[in-house]
Amino acid sequence: MFSKSLISLALAASALANVFITSPVASTIFTAGQQATISWQDDGTSPNLTSFGASLVGIYTGNANQQTLLQTVNTSVDVSTTSSIVFTPDGTIGPNSDEYFVRFTSLVLHDAANPQFPAEAFSAKFTMAGMTGTFNSTVQAEINGQSTAPIGGTATSSASSAMKTAYTTPAASTLGSKTSASASTSATATKTGAAGKVGVTGITCFVGAAASLLGAMLL
């Protein structure tokens, strides 16, 4: 039970980097074939949205170490001059599932701690319905690995602020990555060396948060 609590705290981390994704959130349901909106705002930390600049935006699944691009939403959107994107979810990219998330990958800004990787931002995991596709074995294995390398989470959780700094390094990248088998013809899986740092830092952070919460409960 305690382990489940730790995992839940890890999944409570919200959008990463300075791009705070306000839609989708954990309660969001995107329906295949129907217009959906991805929206974001500046989270008030450095670097600002102007520095984050032009970004690739896509729908992904996976974990902190390995992520698969299922649908490209926009190949280059300037997050400092635009605050939302309307797109139509492709129902063939996977099954009905709550294992989807949005990832922003800056095309101009590199991560300060790991400059070989681009700066990235992640939404909470959300649900897609009306889907007709499947996850192949490679993608499903990535999803199954999330308990030890969680990503994303609910943007409304009280644990979000305490854990935010643990997720400012990229979980995966399109630069310096190794490509594995795709989930569909449009899917690309990436694996990077920087990902492990996110998992370790995140685990340290949510263990601390869990200890604080447990201490408060015992008082």
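## Long-range contacts and aromatic pairs in a predicted model

In this chain, 75% of the contacts with a separation of 6 or more are made by residues 24 or more positions apart. The structure is a predicted model, and the values below are computed from it.

The chain has 219 residues, and 50% of them count as buried. Its secondary structure consists of five helices and 11 strands. The area that the chain exposes is about 9400 Å², of which carbon and sulfur atoms supply 56%.

The aromatic residues may be considered next. Two rings are described by the distance of their centres and the angle of their planes. The structure holds seven aromatic pairs, and two of these are set out in the table.

| Pair | Distance of centres | Angle of planes | Class |
|---|---|---|---|
| Phe-30 and Phe-87 | 5.9 Å | 75 degrees | edge-to-face |
| Tyr-100 and Phe-126 | 6.5 Å | 40 degrees | tilted |

For Phe-30 and Phe-87, the planes stand at 75 degrees, and an angle over 60 counts as edge-to-face. Phe-30 belongs to strand E2 (residues 29-31) and Phe-87 to strand E6 (residues 84-87), so this pair ties together parts of the chain that are 57 residues apart in sequence. Phe-30 and Phe-87 are both buried.

The planes of Tyr-100 and Phe-126 stand at 40 degrees, and the pair is therefore tilted. Because Tyr-100 lies in strand E7 (residues 97-110) and Phe-126 in strand E9 (residues 126-129), the pair ties together parts that are 26 residues apart in sequence. Tyr-100 is buried, as is Phe-126. The four residues of the table belong, with Phe-135, to one aromatic cluster.

A polar example is found in strand E5 (residues 66-78), where Thr-68 is placed. The relative accessibility of Thr-68 is 0%, and Thr-68 therefore counts as buried, since the cut-off for a buried residue is under 20%. The side chain of Thr-68 is joined to that of Glu-142 by a polar contact of 2.8 Å.

Strand pairing offers a further view of the fold. Strand E1 (residues 19-23) is mostly covered, with four of its five residues buried. This strand, E1, pairs with strand E3 (residues 36-42) in the antiparallel sense, over four bridges. Within E3, Ser-39 is the bridge partner of Ser-23.

Key:
Residues are numbered from 1 along each chain as its sequence is written. This is a predicted model: local features need pLDDT of at least 70, side-chain atom pairs count only at pLDDT 80 or more; totals for chains, interfaces and linings use all residues. Side-chain values use heavy atoms; hydrogens and water are left out. Helices (H or I, at least four residues) and strands (E, at least two) are DSSP runs, numbered from the N terminus. Buried means under 20% relative accessible area, exposed over 50%, partly exposed in between (1.4 Å probe, protein chains only). A polar contact is a pair of N or O atoms within 3.5 Å; within protein, one must be able to donate a hydrogen and the other to accept it, and residues adjacent in sequence count only if both atoms are side-chain atoms. Rings of Phe, Tyr and Trp (its six-membered ring) pair if their centres lie within 6.5 Å; planes under 30 degrees apart count as stacked, over 60 as edge-to-face and the rest as tilted. Two strands pair if DSSP finds at least two bridges between them. Contact means heavy atoms within 4.5 Å. Accessible areas come from the Shrake-Rupley method with a 1.4 Å probe; for residues, only the protein chains shown count as cover.
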